[in-house]
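Trainee: Please take a close look at the ligand site. I would like one connected account of what surrounds the ligand.

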Amino acid sequence: MQTRPTSVIIDTGALKHNFFRLRELISDNTGIMAVVKANAYGHGDVEVASVLEPLGCDFFGVAMAEEGARLRASGIARPIVVLGGVYPGQVEDAIALDLTPVVFDLETVRLIDERAKKSGLIKNVHVKVDTGMGRIGLLPGEVTPFFESLKGFRNIAVEAVLSHFVEAENEDKGFSKKQLGVFFGILDTVRRLGFAPRYIDMANSAAAMDYRDAHFNLIRPGIMLYGAYPAARLAGKVALKPVMSVRTRILSLKRAPAGFPVGYGRTFVTKRESVIATLPIGYADGFPRRLSGNADVLVRGARAPVVGTVCMDMAMCDVTDVPGAEVGDEVVVMGSQDGESITAEEIAGKAGTISYEIFCGVSARVPRIYV
Ligand SMILES: *Cc1c(COP(=O)(O)O)cnc(C)c1O
């Protein structure tokens with residue numbers, strides 16, 4: 001069936017552009033793990049990985065084993081690291097699919113080792129250490145006993161040791177420095193115990209862009225690949241291009257007198273004779289309800305304010321000041337039109353969140369079109 005005119009356009013040229021800008025940021029012996037968790041932040045993990053793999057992307061990072069399985073099923077051959085770790089019931093499949101687990105507890109390591117032994121192979125794992133995030137990972141005091149125990153597992157190889165920044169996007173690098181210091185201490189301990197991990201990684205997009213000391217020999221960018229900046233102060237520091245745009249078309253137009261209420265709860269009432277456009281996009285598509293009366297869309301290259309409450313499947317905007325607006329006109333919810341643009345960061349700011357959540361929130365019922 002032909003779809004309604006609401007879609008996500010993914011600009012694969014912009015994705016490649018951002019990948020090359022990342023490459024320019026790092027030294028020749030530093031690799032890139034493209035973070036494609038959560039369906040590549042809503043951009044389509046299989047498609048994004050398929051674009052990046054031929055460009056020489058070294059690793060793909062996913063949050064969970066299911067995401068890795070999907071990439072393998074689509075033919076992605078590069079190493080895939082499961083950043084959130086694998087559950088005991090996933091160990092068998094993770095090994096069969098050649099996914100690389102991040103590990104932070106010995107029980108999982110034992111299961112992986114046992115399964116690897118059965119298959120007669122040595123399984124690479126990446127060991128996560130917690131240098132201040134307070135999430136997953138070995139605390140500094142747990143590092144020595146953990147690695148001592150690892151020596152007892154013959155079918156495990158530590159390919160990488162990694163940690164994660166709490167606030168690398170901050171201008172004040174005080175806490176990041178502290179984390180890096182803890183990480184260096186841990187790496188010393190690991191090496192003293194006889195381990196020589198091939199990769200050391202800690203840098204997300206913010207650190208890739210703004211904290212050279214933390215690059216080591218592998219970076220793990222996510223948001224930058226998709227053309228958004230991890231913080232407003234970093235905007236423009238690297239010339240990124242937004243990859244995602246969200247477009248729809250005017251479904252219906254109403255010429256309304258002054259005093260005409262629009263939408264649930266009558267939160268907007270026209271103050272003048274107005275032209276109100278209804279758009280076939282709502283919060284079920286990932287257009288946040290928080291944007292009710294608090295966002296713009298682009299129609300004929302002009303900003304039109306969203307008025308009334310955003311509904312589940314529709315939203316209304318005021319096109320009184322957009323001369324000639326008609327049913328069927330293209331409406332840009334996120335992206336550019338005739339030189340005007342609305343970024344994910346702008347939408348996120350108005351919705352009280354971050355671009356990451358706006359991207360991830362674009363729901364599965366909105367078709368992705370790759371250009
Ligand atoms: C999501 C994630 C990243 C990528 O973060 P960005 O800010 O999107 O670059 C890197 N490392 C880990 C462990 C993550 O979970």
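**The ligand site**

Mentor: By class, five nonpolar, four polar and three charged residues make up the shell around the ligand. Keep in mind that this is a predicted model. The nonpolar members of that shell include Val35, Pro221 and Ile223. Tyr41 and Tyr356 also surround the ligand. So do His164, Asn204, Ser205 and Gly222. Lys37, Arg135 and Arg220 are in the shell too, and they are its charged residues.

Now the polar contacts. An N or O atom in the Lys37 side chain is 2.6 Å from a ligand oxygen. Tyr356 places a polar side-chain atom 2.6 Å from an oxygen atom of the ligand. For Arg220, the partner is a ligand nitrogen, with a polar side-chain atom 2.9 Å away. On its own the ligand has 390 Å² of accessible area, and the protein covers 91% of that.

Next, the surroundings. The ligand sits in the largest pocket. That pocket has a volume of about 740 Å³. Its lining counts 35 residues. Nearest its centre are Lys37, Tyr41, His164, Asn204 and Tyr356. By class, the lining has 20 nonpolar, eight polar and seven charged residues.

Which helices build it? Helix 2 (37–41), helix 9 (205–210), helix 10 (344–351) and helix 11 (355–361) each give at least two lining residues. Helix 11 supplies the largest share, four residues.

Methods:
Residues numbered from 1 in each chain as written. Predicted model: local features only at pLDDT ≥ 70, side-chain atom pairs only at ≥ 80, totals over all residues. Heavy atoms only, no water. 1 Å grid on protein atoms, 1.4 Å probe; cavity = no way out; pocket = protein on both sides within 12 Å on 5 of 7 lines; lining within 4 Å. Points joined across faces, edges and corners; volume = space filled by probe spheres on them. Near = heavy atom within 4 Å. Polar contact = N/O pair within 3.5 Å; in protein donor to acceptor, adjacent residues only side chain to side chain. Areas by Shrake-Rupley, 256 points an atom, 1.4 Å probe, with all protein chains shown as cover. Sits in = over half its atoms within 2 Å of the grid points.
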